[in-house]
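Biologist: Please take a close look at one part of this model, the packing of its helices, and describe it for a first-year student.

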Amino acid sequence: APMNNIGYCKAVERLLGVEIPQKAQAMRVILAELSRVIDHFICLGAMAVDLGALTGFFHLFTYRELVYTLFEKLCGARLTVSMTRIGGMAQDAPEGWFDDVLDAVKKLNAAVDELDRLLTGNKIWQQRTQNIGAISAEDAISWGYTGPCLRAAGVGIDLRKTQPYYMYDQLDFKIPVGTTGDVFDRYLVRVAEMRESLKIVEQVCKNVPAGDYTIRDKSIVLPEKSEVYGNIEGLMNHFMLVIKGLRPPVGDLYDATEAANGELGFYLVSDGSGRPYRLKVRPPCFAIYQSFPDSVTGGLLSDVIPIMGSMNLIAGELDR
């Protein structure tokens, strides 16, 4: 959920022509990378349980709950999070939150190591994933693959590197790339990506920029509650923004971020009113799942399960 919220806010902010403060960028990067880690945990845990490895599934949920606790401290909700705002963040991080994140990173790194020991060298896991659902780099590009599935096929495209946004160009991390594009390579890429994401989170938490967590443009950002309740100007500002909405300039744009499954894009059209004339979402899974019939043709019926699991399908992305 945070990655979806961040991607949409980033698109609107670009249409408005505003740049959010460095502290807000740092908080968004932390949230996005923690979300990437727990997405990969659940993807691999669910794929493993579908192949009979029950222990890993329940064990990995422990670490998703750990991250959800961090989200809850930040915004009061675990799953239905509401943290990002157009212009920055809803509020500043509570005292000690970044230290809590660093403590969680240590536990998450240990969990990745456990997952690696549990599955990577496991003969049954290897037999069920190696040389299964392999796809060439050319075919992956033709289908519109992005994210771990594309990188597992040997194409090292990641928007955090190729079209850097926020502070990603200032951070030290690598883009894991596979060779065969099979289910096993997709697994290896995701494991390696979790390690890199945790490196990113650690770097940002140790060097959180000072300053505000949001811009202070009254035509974009709702005033603080103290202003709304304390003076008529703040009350009217809040009232007009809620009733009339933001007023971006007339125009259109496409903006994308590197979400956990790949490129998450928003095509946004503004007619100058307080509501989008058009908003088209480009989710990662829709393009990847198009290749599913070809991926399973000619294989064993039992191979359908790991192939689908390695695509990490999000059902809500398939209804376009």
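Modeller: In this predicted model, helix α1 covers residues 2-16 and helix α2 covers residues 22-50. Their axes come within 9 Å and cross at roughly 140 degrees. That angle makes α1 oblique to α2. The crossing of α1 past α2 is left-handed. On the α1 side, the residues that take part are P2, M3, I6, C9, K10 and E13. They meet R28, L31, A32, S35 and R36 of α2. Sorted by class, the contact of α1 with α2 has six nonpolar residues, one polar residue and four charged residues.

Next comes helix α9, residues 183-206. Helix α9 has 24 residues, and from its first C-alpha to its last it reaches 35 Å. This is close to the 34 Å expected at 1.5 Å a residue. Of those 24 residues, 17 are buried, so α9 is largely enclosed by the rest of the structure.

A partner of α9 is helix α14, residues 304-311. The axes of α9 and α14 come within 9 Å and cross at roughly 30 degrees. Because angles under 35 degrees count as roughly parallel, α9 is described as roughly parallel to α14. This crossing, too, is left-handed. From α9, the residues V183, R186 and R190 meet P306, I307, S310 and M311 of α14. By class, the contact of α9 with α14 has four nonpolar, one polar and two charged residues.

I307 deserves its own paragraph. I307 lies in α14 and has a relative accessibility of 3%, so it counts as buried. Its C-alpha atom is separated by 6.3 Å from that of V183, although the two residues are 124 residues apart along the chain. Leaving aside neighbours within four places in sequence, I307 is in contact with V183 and R186, both of which are among the α9 residues that meet α14. The other contacts of I307, with those sequence neighbours again left aside, are I132, G133, F292, S295 and V296.

V183 also leads to another helix. T129 is found in helix α5, which spans residues 123-129. With a relative accessible area of 0%, T129 is buried. Once its neighbours within four places in sequence are left aside, T129 is in contact with L51, D182, V183 and F184. V183 is thus a contact of T129 and also of I307.

Note on methods
Residues numbered from 1 in each chain as written. Predicted model: local features only at pLDDT ≥ 70, side-chain atom pairs only at ≥ 80, totals over all residues. Heavy atoms only, no water. Axes fitted to C-alpha atoms, helices over the stretch in contact; angles between N-to-C directions. Helix = DSSP H or I, 4+ residues; strand = E, 2+ residues; numbered from the N terminus. Parallel < 35°, antiparallel > 145°, perpendicular 65-115°, else oblique. Left-handed = near helix turned anticlockwise from the far one by under 90°. Contact = heavy atoms within 4.5 Å. Nonpolar A, V, L, I, M, F, W, Y, C, P; charged D, E, K, R; others polar. Expected span 1.5 Å × (residues − 1). Buried < 20%, exposed > 50% of the residue type's maximum accessible area, 1.4 Å probe, protein only.
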